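Please take a moment with the sequence and the structure below before reading on. The paragraphs after them walk through the model step by step.

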Amino acid sequence: MPTQLCCFDAVIVATGAQPVKLPVPGGDNKNVLIGVDVLDGKTEEPKGNIVVVGGGLIGTEVAVDYGIRTGNNVTIVEMLPRIMSDCSDSDNIVYSQMIAEHNIKVMTSARVVEINSEGVIVDCKGKKLVPADYVIIAVGMKPQSELYTQLENSDLEVISVGDCVQTGKIYDAIHTGYKAGLRI
Ligand SMILES: Cc1cc2nc3c(=O)[nH]c(=O)nc-3n(C[C@H](O)[C@H](O)[C@H](O)COP(=O)(O)OP(=O)(O)OC[C@H]3O[C@@H](n4cnc5c(N)ncnc54)[C@H](O)[C@@H]3O)c2cc1C
């Protein structure tokens with residue numbers, strides 16, 4: 001066991017989740033940004049023609065954030081038949097109104113299959129190019145469970161909570177954290 005762990009009896013791992021990358025040709029191009037990083041202000045500012053890949057809560061938030069800024073032309077591409085299928089009714093009402101007011105385009109039942117220097121190739125009853133200066137990826141989050149995996153076979157009691165078990169909401173993280181606290 002690493003020496004720095006010897007003075008603990010239990011560890012609660014709450015390392016959260018990390019964004020999923022889009023595994024398509026061009027997914028690592030310079031103009032491809034990660035939605036969570038854009039929201040956190042960790043990237044250059046996307047401008048001009050912006051395609052947001054993924055119409056869940058994060059994709060919709062980032063699309064609205066940049067779609068309300070003058071000079072931007074934002075398109076959300078979502079492979080499901082509708083966007084915001086994982087969102088609350090209140091989010092749906094507010095964001096739908098902003099999407100309509102700011103002419104944010106929405107393509108549903110549409111899958112991005114390639115990113116190139118001109119934009120994204122979308123398969124939507126046939127392949128078409130959607131021009132893009134920037135492509136923002138918001139195709140989901142995956143649990144960051146490596147630390148839990150490293151520790152689970154040690155002599156310590158190790159409990160993982162929150163998004164590193166299964167991505168969810170703040171309520172789920174607090175609730176699983178509370179239950180872990182009761183167990184130790
Ligand atoms: C853009 C976005 C918007 C969201 N909006 C909402 C919302 O409106 N309502 C809602 O209920 N939920 C929302 N969620 C979900 C919510 O944020 C998460 O469910 C919640 O934060 C999970 O809590 P957590 O403590 O498990 O993980 P996190 O809050 O992700 O915290 C994990 C922390 O662990 C740190 N960490 C990771 N690895 C290590 C390590 N090895 N050592 C030390 N520290 C480490 C990370 O840096 C991070 O600070 C949103 C999520 C995102 C990404």
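What follows turns from the domains to the ligand and then to a pair of helices.

The model shown here is predicted, and a useful place to begin is with its division into parts. The domain assignment of the chain gives two of them: domain 1, made of residues 3–15 + 142–183, and domain 2, which covers residues 21–139. The C-alpha centres of domain 1 and domain 2 lie 33 Å apart.

Where does the ligand lie with respect to domain 1 and domain 2? Both domains give residues to the shell around the ligand, so the ligand lies between them. That shell holds 16 residues, and the closest to the ligand are Gly-16, Gly-162, Lys-169, Ile-170 and Ala-173. Two helices, H1 (35–39) and H5 (170–183), each supply at least two residues of the shell, and H5 gives the most, with three residues. Sorted by class, the shell around the ligand consists of nine nonpolar, five polar and two charged residues.

Another part to look at is the pairing of helix H2 (residues 57–67) with helix H3 (residues 89–101), whose axes come within 10 Å and cross at roughly 35°. The crossing in which H2 passes H3 is left-handed. On the side of H2, the contact is made by Leu-57, Thr-60 and Val-64, while H3 brings Asp-91, Tyr-95, Met-98 and Ile-99 to the contact. Taken by class, the residues of this contact between H2 and H3 divide into five nonpolar, one polar and one charged.

Notes:
Residues are numbered from 1 along each chain as its sequence is written. This is a predicted model: local features need pLDDT of at least 70, side-chain atom pairs count only at pLDDT 80 or more; totals for chains, interfaces and linings use all residues. Axes are lines fitted to C-alpha atoms, for helices over the stretch in contact, and angles run from 0 to 180 degrees between N-to-C directions. Helices (H or I, at least four residues) and strands (E, at least two) are DSSP runs, numbered from the N terminus. A crossing is left-handed if the near helix is turned anticlockwise from the far one by less than a right angle, and right-handed if clockwise. Two residues are in contact if their C-beta atoms, placed from the backbone, lie within 7 Å. Ala, Val, Leu, Ile, Met, Phe, Trp, Tyr, Cys and Pro count as nonpolar, Asp, Glu, Lys and Arg as charged, and the others, Gly among them, as polar. Domain bounds come from an automatic or database domain assignment. A residue is near a molecule or strand if its C-beta atom, placed from the backbone, lies within 6 Å of it.
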